[in-house]
Amino acid sequence: MGAIDWSKSPKPSNATISFSFEWAMKNLSSGIHPTLPTKQTLKHQGDRLEEWDFSLSTVVSSSANAAVSDALGSIEFDPSNTVVATGGIARKIRIYSLNSLLPEDNIQLLTRGEQNDTAFLDHVNACSFYICTPAKLSSLRWRPGSGGRLLCSGDYDGVVMEYDLERKLPVFERDEHGGRRVWSVDYSHWDPFVGASGSDDGTMQMWDPRCGGEGGECVAKVQPAAARSSVCCVEFSPFGDSLIALGCADRMAYAYDVRKMVEPLHVLEGHTKTVTYVRFVDAQTMVSAGTDGCLKLWNMSDCGLIRTCKGHVNSRSFVGLSVWRHGGLLGCGSENNQVFVYDKRWDEPICARGLEPMARPGFDHAFVSSVCWRQVQEDHCTLLAGGSDGVLQVFVGTKIS
């Protein structure tokens, strides 16, 4: 999402909230760490021996050797896990097929434990098509149930837009954050028409395009902190319940029941700086990331802290956070231009891989700005990482037990 200085995060304070109960009743029932080995074996209190081997399969960059920022703020797999969308500073949504990023021959070699040659591609040739956007993008999210046709974006001008990828045109626009940057967007899984956005205006807004006028009706609006601290991340629970989680610049993570948003159901306190990401790991566990350089796993039943994961470098930028739920792995970026992988059972990284440096002027201090796991139930995994220099890299992990 780009670099921003969160070093002076306001302290938590009281919240305000507004909610359409009629809608609810109707619709709801910078230090540098040494690089870890690419293959690392871990033992943990009697658990069986496990090993993950991560290999770099593909590097996608721009052939234009110009000092123009192309930082990738968001990477998202579609619901079929066969199409990838990226967005960022270049004001473009790029769409890739997984086959173009990860040839089948490479997958077969890696799953057999054989070494593959890294493929080097150009964005122009690798992507299926792109859509130009009116502003820089901070967040993307596919709408569930749309067959991979509808993609939502949040931008630096405070606008939420939904694009029809078959027509390559915007079909929905919402400008209700007062021109303040939208950091995050997401869709509900129990009602995929309902969306949410978090913004620099200090609010999370839930909206339904079926209600109200052209921009849809705001069916709920939450301001977690009276000081209007930025809402940096929003995520609906994907496990069939009615929770939505927020990460805020007041150093807190919050979880609300969307059926009763008068006050948060959970307040998770433990980060010492801005909470930049929140992700649901499973039905009982959530992970948060902060610019204090920590990932924290939380038990949602009692708000208890399970563990704190450290190893990556993060003091001021959005570096991405993604969960591979089937494998129990967490992926995040780092300000030393590395991708870190954690196992949810341990507090130290199991792997760290540096992004391949691309010689472009003006990018001497590149960092990993976004990550995304492919959600498949297999014993090998795929992790995509985007850099502040616009480089997209594909890692494949193979499990050896």
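A nonpolar core, as I will use the term, is a set of buried Ala, Val, Leu, Ile, Met, Phe, Trp, Tyr and Cys residues joined through side-chain atoms within 4.5 Å, where buried means under 20% relative accessible area with a 1.4 Å probe and protein chains only. Please keep in mind that this is a predicted model, in which local features need pLDDT of at least 70 and side-chain atom pairs count only at pLDDT 80 or more, while totals for chains, interfaces and linings use all residues. Residues are numbered from 1 along each chain as its sequence is written, and side-chain values use heavy atoms, with hydrogens and water left out.

Let me start with the largest core, which has 20 residues, and in which Phe54, Leu329, Val339, Val341 and Trp373 touch the most other members. Strands here are DSSP runs of E, at least two residues long, numbered from the N terminus; those supplying at least two residues each to this core include strand 3 (50-61) and strand 30 (380-387), and strand 3 gives the largest share, 4 residues. A second, separate core holds 18 residues, among them Val234, Tyr254, Val258 and Met261.

Turning to strand 30 again, we find that it pairs with strand 31 in the antiparallel sense over 7 bridges, pairing being called when DSSP finds at least two bridges between two strands. His380 stands opposite Thr398 in strand 31, and the two strands form a hairpin with 4 residues between them, where Gly390 in the turn has a positive phi of about 85°. Strand 31 (residues 392-400) is largely enclosed by the rest of the structure, because 7 of its 9 residues are buried.

Methods. Buried < 20%, exposed > 50% of the residue type's maximum accessible area, 1.4 Å probe, protein only.
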